[in-house]
Amino acid sequence: MSQDTITLPAAADFHLHLRQGEMMRMVTPMVSKGGVSLAYIMPNLSPPISNTDQALAYKKELEQLAPNVTFYMTLYLSPQLTIEEIRKASKAGIAGVKSYPRGVTTNSDGGIENYEVYYPIFKAMEEEGMVLNLHGEIPSDAESDICVMNAEERFLPQLEKLHNAFPKLKIVLEHATSKAAVELVKRLGDTVGCTITVHHLQLIVDDWAGQPHHFCKPVAKYPHDRSALQEVVSSGKLTVFYARFILVKPSNLSLRTGHPRFFLGTDSAPHPRGTKETSCAHAGVFTTPLVLPYLAQIFDSLGCLDKLENFACHFGKAFYGLSQKPEFENATVTLARTSSELVVPNEFHISQDGQPSSLGTVVPFWAGKPLGWQIVKDF
């Protein structure tokens with residue numbers, strides 16, 4: 001018998017882009033509309049968020065736009081980042097540092113070419129309990145037979161090397177897209193986690209080839225890769241890692257399992273329509289306004305609706321050791337099947353002081369398609 005309503009704790013999104021300027025002012029209030037009350041924010045602005053003061057100033061802007069959301073901030077890994085800044089950031093509550101290989105995605109021109117030069121930074125992060133967030137790709141190189149379809153898999157030895165060098169450092173492989181990535185994260189120790197996006201649970205290469213609004217970095221891969229992502233979020237295996245958290249927080253984890261080191265990070269990344277529908281589309285899929293309805297439909301279609309709560313609400317917070325603001329710790333969201341199919345909006349208008357912006361509109365994931373779940377009560 002199918003379930004027609006579900007009530008969940010407000011979700012936690014551990015990988016989110018909120019941009020700046022007009023786009024930020026449009027997108028940020030939508031975070032809670034998608035059922036999310038905790039958001040882990042990426043630093044690849046222009047210029048990037050590279051120090052504590054910049055991160056706190058950005059956080060203040062976001063909080064003014066969405067006071068019911070708990071924001072955790074990150075710094076951009078660059079040569080300007082020092083051990084002293086890591087200590088300062090940790091004391092200020094900055095949660096992590098994001099690494100981007102040079103040139104692989106939006107605003108990553110100042111990205112990493114050699115990780116070993118950052119080992120002193122990683123050691124300080126390990127000591128401070130900060131998290132290293134990895135965009136797990138290497139730049140395309142025709143001579144080495146590297147392209148967007150294998151860039152993630154070719155990065156994975158670097159992840160294992162970093163974990164072996166700093167076994168107590170929490171590392172998150174962001175937005176995994178491949179079976180190889182899933183298998184490696186499962187094999188590595190309890191300090192290695194992995195975010196999975198809404199869209200990568202649904203897309204394969206055929207879905208973005210020729211469809212710019214499904215194009216993101218890393219790109220969706222082959223059917224067997226999507227199957228690996230779907231399997232790891234729908235599995236029911238009780239692990240030692242999971243049992244450890246049951247003992248620590250018995251009231252916060254559902255016995256409907258999934259895998260505790262794989263959790264929601266939407267990588268929702270809005271771009272104006274005009275920068276997507278071009279000969280060189282910008283990378284990013286926009287899911288922020290409908291996160292939980294999208295996930296309810298996907299998990300329902302996989303026959304694992306009971307696994308949604310842990311994936312979207314608990315596992316990420318348990319891995320990071322983070323929580324919402326006290327007044328939102330018990331916030332819940334209720335979703336219901338739609339009696340008449342809800343249709344995803346074709347676009348969202350970017351506005352400035354209530355007036356249409358020159359930036360135009362943003363096209364969401366599944367634009368114009370039916371959505372079988374909707375939020376009927378939010379926090």
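These notes walk through selected features of the structure, point by point.

1. **Status of the model.** This is a predicted model. The points below cover two helix pairs, one buried helix face and several individual residues.

2. **Helix 6 with helix 7.** Helix 6 spans residues 151–165 and helix 7 spans residues 179–187. Their axes lie 9 Å apart. The angle between them is about 15°. Angles under 35 degrees count as roughly parallel, and helix 6 and helix 7 are therefore roughly parallel to each other. The crossing of helix 6 past helix 7 is right-handed. On the helix 6 side, E152, E153, L156, L159 and E160 make the contact. Helix 7 supplies A180, A181, L184, V185 and R187. By class, the residues of this contact of helix 6 with helix 7 are 6 nonpolar and 4 charged, with no polar ones.

3. **Helix 12 with helix 13.** Here the helices are residues 291–301 and residues 308–320. The axes of helix 12 and helix 13 come within 10 Å. They cross at roughly 145°. Helix 12 brings L292, L295, A296 and F299 to the contact. Helix 13 answers with L308, F311 and A312. The contact of helix 12 with helix 13 holds 7 nonpolar residues, no polar and no charged ones.

4. **Helix 5 and its cover.** Helix 5 runs over residues 119–128. Its residues I121, F122, A124, M125 and E126 are buried. The elements covering the buried residues of helix 5 include helix 4 (83–91) and strand 6 (96–99). Strand 7 (131–135) and helix 6 are also among them. Just past the end of helix 5 comes G129, with a positive phi of about 80°.

5. **H175.** This residue sits in the loop between strand 8 (170–174) and helix 7. Is H175 buried or exposed? H175 has a relative accessible area of 1%, so it is buried. Its side chain makes a polar contact with the side chain of H135, at 3.4 Å. Beyond residues up to four places away in sequence, H175 touches three histidines, H15, H135 and H200. The other residues it touches are G136, E152, T195, T197, K217, P218 and D267. E152 also appears in the helix 6 contact with helix 7.

6. **D267.** This residue, one of those touched by H175, lies in the loop between strand 10 (262–264) and helix 11 (273–276). D267 has a relative accessible area of 6%, so it is buried. Its phi is near 50°, a positive value in a residue other than glycine.

7. **R19.** R19 lies in the loop between strand 2 (11–16) and helix 1 (21–27). R19 has a positive phi of about 60° although it is not a glycine. With a relative accessible area of 12%, R19 is buried.

8. **L18.** L18 is also placed in the loop between strand 2 and helix 1. The relative accessible area of L18 is 1%, so this residue is buried. What does L18 contact, leaving aside its neighbours within four places in sequence? Its partners are M23, M24, V27, T28, V31, I41, Y58, L62 and F71. L18 and H199 are 181 residues apart in sequence. Their C-alpha atoms are 17 Å apart in space.

9. **Two cis peptide bonds.** The bond from S46 to P47 is cis, with omega near 0°. P47 is in the loop between strand 3 (36–41) and helix 3 (52–65). The bond from K217 to P218 is cis, with omega near -5°. P218 is in the loop between helix 8 and helix 9 (223–234). K217 and P218 are both touched by H175.

10. **D207.** D207 belongs to helix 8 (residues 205–208). Its relative accessible area is 28%, so D207 is partly exposed. The side chain of D207 reaches the backbone nitrogen of I204 at 2.8 Å. Leaving aside its neighbours within four places in sequence, D207 is in contact with Q202, H214 and R226. The C-alpha atoms of D207 and K221 are separated by 9.6 Å. Along the chain, D207 and K221 are 14 residues apart.

How values were computed: Residues are numbered from 1 along each chain as its sequence is written. This is a predicted model: local features need pLDDT of at least 70, side-chain atom pairs count only at pLDDT 80 or more; totals for chains, interfaces and linings use all residues. Side-chain values use heavy atoms; hydrogens and water are left out. Axes are lines fitted to C-alpha atoms, for helices over the stretch in contact, and angles run from 0 to 180 degrees between N-to-C directions. Helices (H or I, at least four residues) and strands (E, at least two) are DSSP runs, numbered from the N terminus. Angles under 35 degrees count as roughly parallel, over 145 as roughly antiparallel, 65 to 115 as roughly perpendicular and the rest as oblique. A crossing is left-handed if the near helix is turned anticlockwise from the far one by less than a right angle, and right-handed if clockwise. Contact means heavy atoms within 4.5 Å. Ala, Val, Leu, Ile, Met, Phe, Trp, Tyr, Cys and Pro count as nonpolar, Asp, Glu, Lys and Arg as charged, and the others, Gly among them, as polar. Buried means under 20% relative accessible area, exposed over 50%, partly exposed in between (1.4 Å probe, protein chains only). A polar contact is a pair of N or O atoms within 3.5 Å; within protein, one must be able to donate a hydrogen and the other to accept it, and residues adjacent in sequence count only if both atoms are side-chain atoms.
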